[in-house]
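Work through the exercises below with the coordinates open. Each task is followed by a solution in steps.

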Amino acid sequence: RDMIWENHLVERLWNTDIDTQVILKEKNVSLGEITKWEVGSFLPLDMSPKDSIKLICGDVNLFEGVMGRKGDNIVIKILGKADNNG
């Protein structure tokens, strides 16, 4: 084992950026409805601020949380690890 290489690899992995997405709500919308959208249109999500959201990376569910606000920013409060069995 090369401890110098192993430590370098671990350090690089911990500092690797990954793309994440937050799924607020998934909703089926007809193509006919989408064609009527224009600038300023609203898409009601039928959810409350306390509804659970998913934080994902690619096809992997990472965390579950709730949306909140801190100052002028929208934030996610992590409630726990996501279930990846479904």
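**Exercise 1.** How many bridges join strand β3 to β4, and do the two run parallel or antiparallel?

Solution. The model is a predicted one.
Step 1. Locate β3 at residues 60-70 and β4 at residues 73-81.
Step 2. Between the two strands there are 8 bridges, and the direction is antiparallel.
Step 3. For one pair across the strands, take Phe63, which stands opposite Lys81 in β4.
Step 4. Look at the turn: the hairpin has 2 residues between its strands, and Gly71 takes a positive phi near 65° there.

**Exercise 2.** Determine how many residues of strand β4 are buried.

Solution.
Step 1. Apply the cut-off: a residue counts as buried under 20% relative accessible area.
Step 2. Of the 9 residues in β4, the number that pass is 0.
Step 3. Strand β4 therefore lies largely in the open.

**Exercise 3.** Classify Asn61 as buried or exposed, and list its contacts beyond four places in sequence.

Solution.
Step 1. Place the residue: Asn61 belongs to strand β3.
Step 2. The relative accessibility of Asn61 is 19%. The limit for buried is under 20%, so Asn61 counts as buried.
Step 3. With neighbours within four places in sequence set aside, Asn61 touches Lys54, Leu55 and Ile56, and also Ala82, Asp83 and Asn84.

**Exercise 4.** Find the salt bridges and state which parts of the chain each one ties together.

Solution.
Step 1. The criterion is a side-chain nitrogen of Lys or Arg within 4 Å of a carboxyl oxygen of Asp or Glu. Under this rule the count is 2.
Step 2. One of them pairs Glu26 with Lys54, at 3.9 Å from N to O. Glu26 sits in the loop between β1 (21-23) and α2 (31-35), while Lys54 is in strand β2 (residues 52-57), so this pair ties together parts 28 residues apart in sequence.
Step 3. Compare the accessibility of the partners: Glu26 is exposed at 63% relative accessible area, whereas Lys54 is partly exposed at 30%.
Step 4. Another salt bridge joins the side chains of Lys27 and Asp46, with an N to O distance of 3.7 Å. Lys27 is in the loop between β1 and α2 and Asp46 in the loop between α2 and β2, so parts 19 residues apart in sequence are tied together.
Step 5. Here Lys27 is partly exposed, at 35% relative accessible area, and Asp46 is exposed, at 61%.

Methods. Residues are numbered from 1 along each chain as its sequence is written. This is a predicted model: local features need pLDDT of at least 70, side-chain atom pairs count only at pLDDT 80 or more; totals for chains, interfaces and linings use all residues. Side-chain values use heavy atoms; hydrogens and water are left out. Helices (H or I, at least four residues) and strands (E, at least two) are DSSP runs, numbered from the N terminus. Buried means under 20% relative accessible area, exposed over 50%, partly exposed in between (1.4 Å probe, protein chains only). Two strands pair if DSSP finds at least two bridges between them. Contact means heavy atoms within 4.5 Å.
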